[in-house]
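Reader: I would like a close look at a single part of this protein, taken slowly and with its surroundings in view. Please begin from the part itself and then work outward to the rest of the chain.

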Amino acid sequence: MSPIIIIDIVLIAILLGIGLNELYLRIMAKKSATTLEQEAFREGMRKAQVIDVREKDEFDAGHVLGARNIPYSVLKNSIGSIRKDQPVYIYDQKRAIAVRAANRLRKAGYTDIYLLKGGYQSWEGKVKKKNS
């Protein structure tokens, strides 16, 4: 088998893996939460718990004003600090980790879960940055 054919097979496998991961995230997001555009997220967040699931250094570099930081890496141990009687608005940098967080919350019995479409990287609302 020629090296070019092997490279083609590897590239196809990588692209297939990326595509399947994206499909999996879309299905999990649809099953676990409602995805909101920025305007709807901004309007509803006043009556919700806004949670940034990025790590602390990313949160400190800038986050949605009013959000609290519960990194996904500690969510399992901190889930009790999230109220079930209020909507939960979740975001991360793009969306993949927020989808996983929403799925974890759904499995823990939360039902009113929302994701920010596009994540923090596309957020145009008010932000807060920690002063160094």
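Author: The part chosen here is helix α1, and everything said about it rests on a predicted model. Its buried residues pack against α5, which covers residues 96–107, and against β6, which covers residues 113–116. The residues of α1 that count as buried are Leu25, Met28, Ala29 and Ser32.

The length of the helix can be checked against its residue count. Helix α1 takes in residues 3–32, and at 1.5 Å a residue these 30 residues should span 44 Å; the C-alpha atoms at its two ends are 43 Å apart, which agrees with that expectation. A UniProt record, in an unreviewed entry, places the feature "transmembrane region" at residues 6–25. In the model, that span is 100% helix and 0% strand, and its end C-alpha atoms lie 29 Å apart.

A nonpolar patch on the surface comes next. Met1, Ile5, Ile6, Ile7, Ile9, Val10, Leu11, Ile14, Leu15 and Ile18 together make a nonpolar surface patch of about 1000 Å². One of these residues, Leu15, is found in helix α1, and it counts as exposed because its relative accessibility is 59%, where exposed means over 50%.

A residue of β6, one of the elements against which the buried residues of α1 pack, offers a contrast to Leu15. Leu116 is found in strand β6, and with a relative accessible area of 1% it is buried, since the cut-off for that class is under 20%. Leaving out residues up to four places away in sequence, Leu116 touches Leu36, Gln38, Phe41, Ile90, Tyr91, Lys94, Arg95 and Trp123. Between Leu116 and Leu15 there are 26 Å in space, C-alpha to C-alpha, and the two are 101 residues apart in sequence.

Just past β6, the chain takes part in a charged pair. The side chains of Lys117 and Glu37 meet in a salt bridge, with 3.1 Å from N to O. Lys117 lies in the loop between β6 and β7 (127–128), while Glu37 lies in the loop between β1 (34–36) and α2 (38–44), so this pair ties together parts that are 80 residues apart in sequence. Lys117 counts as partly exposed at 43% relative accessibility, and Glu37 also counts as partly exposed, at 48%.

Helix α2 holds a pair of another kind. Arg42 and Glu39 both lie in that helix, 3 residues apart, which is about one turn of the helix, and their side chains meet in a salt bridge of 3.3 Å from N to O. Arg42 counts as partly exposed at 26% relative accessibility, and Glu39 is partly exposed with a relative accessible area of 44%. Side chains of opposite charge can pair when their charged atoms come close.

The side chains of Asp52 and Arg54 form a further salt bridge, at 2.7 Å from N to O. Here Asp52 is buried, and Arg54 is buried as well. The structure holds 5 salt bridges.

One more acidic residue deserves a place in this account. Asp60 is found in helix α3, which takes in residues 56–61, and at 19% relative accessibility it counts as buried, because the cut-off is under 20%. Setting aside its neighbours within four places in sequence, Asp60 is in contact with Lys129 and Lys130.

It remains to set helix α1 within the whole. The protein has 5 helices and 7 strands, and from the N terminus on its elements run α-β-α-β-α-β-β-α-β-α-β-β. Of its 132 residues, 36% count as buried, and its accessible surface comes to about 8400 Å², of which 58% belongs to carbon and sulfur atoms. Among the contacts in the protein with a separation of 6 or more, 70% are accounted for by residues 24 or more positions apart. Taken along the principal axes, the C-alpha atoms fill a box of roughly 60 × 40 × 30 Å. Returning to α1, then, the picture is of a helix with Leu15 exposed and with Leu25, Met28, Ala29 and Ser32 buried, where the buried residues pack against α5 and β6.

Methods
Residues numbered from 1 in each chain as written. Heavy atoms only, no water. Helix = DSSP H or I, 4+ residues; strand = E, 2+ residues; numbered from the N terminus. Expected span 1.5 Å × (residues − 1). Buried < 20%, exposed > 50% of the residue type's maximum accessible area, 1.4 Å probe, protein only. Contact = heavy atoms within 4.5 Å. Patch = residues over 30% accessible without salt bridge, like charges linked within 9 Å, V, L, I, M, F, W, Y side chains within 5 Å. Areas by Shrake-Rupley, 256 points an atom, 1.4 Å probe, with all protein chains shown as cover. Salt bridge = Lys/Arg side-chain N within 4 Å of Asp/Glu carboxyl O. UniProt positions renumbered as here; feature names shortened; annotations may be inferred.
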